[in-house]
Amino acid sequence: MTDESPDVQPAPKPISGALGGAAETAAKAPMPLPDPPLPFTRILLAVVLLCLPPLAVIGAAAWLGWLPREVAALAASGLLLYYALLARRQARAIYDLRNFADELIGGDRPLPASARLGSPALRDLGYAIARLYRAKRDRNDEMMRLVQARDGVLDAVPDPVFALDRQGRILGANRAAMESFGAIIGRDATLLFRQPDIVAALNLVLSEREARTIATLSLAPPVEREFTVAVQRLQSVAPDGTCAVLTLHDVTALRRAEQTRVDFVANASHEIRTPLTTLLGFIETLQGPAKDDPQAHAMFLDIMQGEAQRMARLVEDLLSLSRIEQHEHEHPTTRVALGPLLERVVAGLQPQADQRRSTIKLTIEGAATVIGTADELVQLTQNLIVNALKYGKEGGLVTVTVTRKPAAPPAMPPPAFGAIAIAICDDGEGIPRAHLPRLTERFYRVDPARSKSQGGTGLGLAIVKHIINRHRGSLRIESDVGKGTCVYTYLPAAERD
């Protein structure tokens, strides 16, 4: 065994939180004891006890005349001095070992010189103390790593998680809970969630009548959210007093998706049923009262053709929307030049513009190349320009402007080379601001009668939104009543300016 100091490293700083705070308190080192004065009486007693046998031998030798009295006195004095120094050094080593043990808890420290110079037993005792401390420190380090891993796992959970005591107070929470509800440590959970179902679920578990309960929590506007609440009792009470865990699972998106699906089926059924009902009614009329009326035949067939075309457009839009949604997670990688594409789109829509005596003005500032799928970009721009023609003034102006933006809007994932903005504006009646957030919903119409009369299916902007999502772009709609509407589409640029 060497005299080197033990391999002792400082323990890592404990993490915050309920259990982390407890571990940090346990790991704090007590104040080292002051260096006490050596007790004279105990040293004197030790010297006397050590010297009695050899002094007795020296005294007997002098009494029997084996040693001169002067030599015996000198030997006795030297012996007393030697044992006094030995007792003092051993006492010093023992007290230094005591302080060494106390100070080890506060950090690394070499074995005191007095212990290294003392007897082998004291030196071995010092190293045993160091080994004992090292084992304790390693166990504390392992505990701290477990605490940090536990808190790291809980913070990585996207759902809010709360640790509760028997009174329902919140002793700990993960990052998601703190971000959603703010400073909540120490608050009463029944006061935080002021809903009878939640209070009843907490009481059942905290009173040990149930091991696990489930409830539903609904948060009021401005941000409506819905959670499934699970309260689980622990098998044993934790050292910090935690006896139950409350978990919130956000089901807002699931509920909205379910409601969207229900609304979509209802709206699609209604949109298809209306033209079918019209077709069936005219067919019955042509087969019955108007069977021999040529004039009625011509009028009814024109109406039937319009309804059939409307139903065909609806089915085509539904299929297109389904196809885009199916591949929405697959981001395009092809370079598409917007200039030639938009020129073809504007040329194809010129007959519609001529019918309304409107003008389409296309302006492209610089090279505009984006990452996208050409067919979907054609569909996107066609839908937006057709809407501008329909809802703009008859004989008005529709402007299509393409510009390069050095930075993307906040709602758009940051592109590597900036963004290309396509602005399509009309000079129509405009849209009230209350309708703007819902314009991209399926079958949502500001004016249902006008939309149907112009052949709209209510799916155009929904298709636009999903195409933009697939292209990792962004959509913004601005409108003022009486001044017109502008739709801004941002797409990732394919090259540097």
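Which two residues form a disulfide, and how far apart are their sulfur atoms? The legend of Figure 1 gives the reply, after a short note on the model. This is a predicted model, in which local features need pLDDT of at least 70 and side-chain atom pairs count only at pLDDT 80 or more, while totals for chains, interfaces and linings use all residues. Residues are numbered from 1 along each chain as its sequence is written, and side-chain values use heavy atoms, with hydrogens and water left out.

**Figure 1. The disulfide of Cys 425 and Cys 486**. These two cysteines form a disulfide (a pair of cysteine sulfur atoms within 2.5 Å), and their sulfur atoms are 2.0 Å apart. A search of the whole structure finds one such pair. The bond joins distant parts of the chain: Cys 425 belongs to strand S10 (residues 419–425) and Cys 486 to strand S12 (residues 484–492), with their positions 61 residues apart in the numbering. Helices (H or I, at least four residues) and strands (E, at least two) are DSSP runs, numbered from the N terminus. The torsion about the S-S bond is about 120 degrees, so the disulfide is right-handed. Cys 425 is buried at a relative accessible area of 13%, and Cys 486 is buried at 18%. Here buried means under 20% relative accessible area, exposed over 50%, and partly exposed in between (1.4 Å probe, protein chains only). For another cysteine, look at Cys 243, which is buried at 7% relative accessibility.

**Figure 2. The mixed sheet that holds S10 and S12**. Five strands make up this open sheet, in the order S7-S9-S10-S12-S11, with mixed pairing. Two strands pair if DSSP finds at least two bridges between them. Strand S7 (359–364) and strand S11 (474–480) are the edges; each has a single partner strand, so one side of each is left without a neighbour in the sheet. From one strand to the next, the twist averages 15 degrees. Axes are lines fitted to C-alpha atoms, for helices over the stretch in contact, and angles run from 0 to 180 degrees between N-to-C directions. S7 runs parallel to strand S9 (residues 397–405), joined to it by six bridges. To find this pairing on screen, start from Ile 360, whose bridge partner in S9 is Val 398. Helix H11 (residues 338–355) lies across S7, S9 and S10, and runs at about 175 degrees to S7.

**Figure 3. The antiparallel sheet, S2-S1-S5-S4-S3**. This open sheet is built from five strands with antiparallel pairing. Its edge strands are S2 (170–173) and S3, each pairing on one side only. The twist averages 25 degrees from one strand to the next. Three bridges join S1 to S2, and Leu 164 has Ile 170 of S2 as its bridge partner. Eight bridges hold S3 and S4 in an antiparallel pair, where Ala 215 stands opposite Val 229 in S4. S4 and S5 are also antiparallel, over seven bridges, and Phe 227 has Asp 250 in S5 as its bridge partner.

**Figure 4. Helix H8 across the antiparallel sheet**. H8 lies across S1, S3, S4 and S5, at about 155 degrees to S3. Within H8 (residues 196–206), the residues Ile 198, Ala 201, Leu 202, Val 205 and Leu 206 are buried. Seen down the helix axis, they fall within an arc of 120 degrees, so they line one face of H8; the arc is that of the directions from the helix axis to the C-beta atoms. These buried residues pack against strand S1 (161–164), helix H7 (189–192), strand S3 (212–219), strand S4 (225–233) and strand S5 (244–250). Contact means heavy atoms within 4.5 Å. On the other side of H8, Pro 196 and Asp 197 are exposed. Just after the helix, have a look at Glu 208, which takes a positive phi of about 65 degrees.

**Figure 5. Two residues in helices, His 466 and Leu 276**. His 466 is in helix H14 (residues 460–470) and is buried at 10% relative accessibility. Leaving out residues up to four places away in sequence, His 466 touches Leu 321, Ile 324, Glu 325, Glu 328 and Arg 442. Leu 276 sits in helix H9 (residues 252–287) and is partly exposed, with a relative accessible area of 38%. Leu 276 and Met 311 are 35 residues apart in sequence and 8.2 Å apart in space, C-alpha to C-alpha.
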